[in-house]
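Work through the following exercises with the model open beside you, and try each task before reading its solution.

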Amino acid sequence: MLAGCVPFTAAAQSLPAPNAQLASKELNGRVESLLKKMTLDEKIGQLVQFNGGYATGPGGTNLHNDELAAKGQVGSFLNIVGAEATNHYQHLAIEKSRLHIPILFGQDVIHGHRTTFPVPLAIAASWDPAAAELVAHYGATEARADGIPWVFSPMVDIARDPRWGRIIESNGEDPYLGSAMARAWVKGYQQDDLSKPDSAAVSVKHYAAYGAAIAGRDYNAVDMSEIALRQVYLEPYHAAVEAGAATLMSSFNSINGIPATANRHTLTDILRNEWGFDGFVVSDWGAVAELMNHSIGDGPTVARKALEAGVDMDMEGNLYGTVIADQVRSGKIPESVVSEAVRRILRVKFALGLFEHPYTTPGPAYDATPERRAAARKVAAETLVLLKNDPVEGVGVLLPFTSKAKKVALIGPLADNQRELLGAWAGNGDPKYVVTLRAALQERLGDRLLYAEGCGLLSGEDASVLNHVDFNRPMTADSHEPVPDDAKTIVEAVETAKKADVAILALGEPANWMEGEASSRATLGFTGAQEQLLEAIAATGKPIVLVVLAGRPLELKWAAGHVPAILEAWSPGIEAGHAVADVLFGDVNPSGKLPASLPRAVGQEPLYYAQMPTGRPARVDLSHFPRNAEEKFNSRYMDEDNSALFPFGWGLSYTRFTYAQPTLSRSVVPVAEVLASRGKSVVTVGVDVKNTGGVAGTEVVQLYIRNTAASVEQPVRELKGFARVTLAPGEQKHVEFPLGFDELNFWNAEIKQTVEPTTYKIWAGGSSLAKAETSLQIAE
Ligand code: BGC
């Protein structure tokens, strides 16, 4: 559907306000009386944001920040950190500018501000919204203490293609899990009250559908049906808005031909008129000016289009500051459009209490205190996913290590690398606080631990890049650095492994150069010579535990076929080593589950479990090369299986869980009743889960449905409920999942959410392969 073609379905005023503070009469009264005093130039000043610190995109050096602040010509700065620096500009704005309007300081706080937690994709792997809420609350508290009341987080873009480096900042592939995490992040940052000293306004990003960039190439176009947009991609943003998100960030990509930063359909028709959003929208870095590269007009035209579509603030683009005023004066842009954008920005400034408390009291210097470390360790241990733990002949399962673990060889370029273990986009986190795997295992094993780096993260001259990773410092003259000799270090690592009883390999990819923004990959294997290192160690015959440290699903096919134990550990943050050791030694029983499918081959991407049906489905058990017409003419690859190597929701434990057949509180429900059940449930699915192993453990119980007869085809499975359940050995619990309109609806061809008479298949289990099944009938 084209931008602007959807009739307004509801007037914003008649919608319940998702954020009561922004809708408050008293607050809006203050906004209106200030707005009346503002000149056009002062209004436009509020729509301008400049970078004042390190650059998080191209360009970004502004030499006139003092002057702009003093004249009231900058509504917001990004990347200015610390009480002293922010107070400097705030004093200029409050004391020198005519109307004394405070500046709003914003920054990226992606997985903690100073205390670095695991990356967001890892936190999604905990399937524990409370963990996201806690991390967000730490982030808000520390950011606010640093003068930053506005965080550019959470990123809630659905990411179904790990070639896209920003999957690391996401909650993975699923809209239900993504929405649950989105709500938790918003709650943790905003604390349901923006004026609290430990809360910060969020900027939910990147609106919209940025994660669906074609071919996984960052900043690329997005092209999808309106149904897929609504049913999959918009869900988490909507959940965040319903949770009270104060601001959103528009994305770089186009959606069906209309750039997201000039897209009235998403920014106004849906966001404001359907969802009732009262906060403001900031563009992404330079995205308004970049609209010229999308070939939709010259500077003044694209600025007008962005503003009229609903982008209120221009981040680091300076187009609003230079080309809007003339267009208002010449009558091309009604001044009311500018005033409306200012109104939305002022609402957030008032709600944050900036008019009452514009300055930040300097506090003690940051330290990673025991309390912060304990929180980071607990969250990180919850995010680890045990992918495989097969018995080794004559040894049994390798994990958890027992006191029997004699000599252990720790090998790999990520075993002792503080900066890389911190993870991509760690903002103000400091690698010096990171406890590496080597340090943590040393604490437990003493001289029973042997160590070898094995190889670099990148090979040859590329390796020197990693010594110079800093967006703000150009890379120069690094060609004189010695080129690492991987062949030699691999031989040394093999010798180290031979002296040990078991080898732990810590492998992955360079977080700080190949993960996150502008870090798309066309291949998904370990980088540099790491695969050779792994194969060389495996050839020694020593049992291997592979610890994968990466912010995206990597291709682990060879490893899965040759290595008995694999632990997905992501980028775990400052307590990396302790958290990994806690799981390896069984102090923590792993409970993480994959938030994104791990492929067998990159050519399967985008790979996700909630596929649409096909008229020629592949036979699931066909693992050989097709040998006849019946096998050939179906929806499959000639050279690879369709299925994931490790599917969505997958994750093992040191104990076993068994599932009884799910039961329903009623098996038939009239459709009219379901249609009337928004926000309510009409039926409950119950399932008994039992710990049948020998140790206590936590299982993420997952509920999937399939709508078998809808007017628009529906995915073969969709997650519609999950719960973390802790069970002692032998213990059984009854877990219940409510289902109503919110879980059972779909978007029909008229772009309306509906439920029709049908049968839903329902499964409960420990992954998207769940087998325990029942069915629910929706009657006429
Ligand atoms: C990123 C955003 C980020 C912004 C400000 C952009 O390059 O896409 O996610 O919030 O920079 O740092």
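**Exercise 1. Cis peptide bonds**

In which loop is the place of proline 154?

Solution. The model is a predicted one, in which local features need pLDDT of at least 70 and side-chain atom pairs count only at pLDDT 80 or more, while totals for chains, interfaces and linings use all residues. Residues are numbered from 1 along each chain as its sequence is written, and side-chain values use heavy atoms, with hydrogens and water left out. Proline 154 sits in the loop between β4 (150-151) and α8 (175-190), where helices (H or I, at least four residues) and strands (E, at least two) are DSSP runs numbered from the N terminus. The peptide bond that leads from serine 153 to proline 154 is cis, with omega near 0 degrees. A second cis bond runs from tyrosine 207 to alanine 208, with omega near 15 degrees, and alanine 208 is placed in the loop between β5 (201-207) and α9 (226-233). As background, most peptide bonds are trans.

**Exercise 2. Helix α5**

Compare the expected span of helix α5 with the distance between its end C-alpha atoms, and find what its buried residues pack against.

Solution. The expected span is 1.5 Å times one less than the number of residues. For the 14 residues of α5 (residues 83-96) this gives 20 Å, which agrees with the 19 Å between the end C-alpha atoms. The buried residues (under 20% relative accessible area, with exposed over 50% and partly exposed in between, for a 1.4 Å probe and protein chains only) include Ala83, Tyr89, Leu92 and Ile94. The buried residues of α5 pack against α4 (65-71), β2 (76-78) and β3 (104-107), contact being heavy atoms within 4.5 Å.

**Exercise 3. The six-stranded sheet**

Give the strand order of the open sheet of six strands, and identify the strands at its edges.

Solution. The order is β11-β16-β15-β14-β12-β13, with mixed pairing, two strands being paired if DSSP finds at least two bridges between them. Because β11 (385-389) and β13 (449-452) each have a single partner strand, they stand at the edges, and one side of each lacks a neighbour in the sheet. Strand β12 (residues 408-411) runs parallel to β13 and is joined to it by four bridges, with valine 408 partnered by leucine 449 of β13.

**Exercise 4. Positive phi**

What is the phi of tryptophan 570, and is this residue buried or exposed?

Solution. Tryptophan 570, although not a glycine, has a positive phi of about 55 degrees. This residue is found in the loop between β16 and α22, and its relative accessibility of 1% makes it buried.
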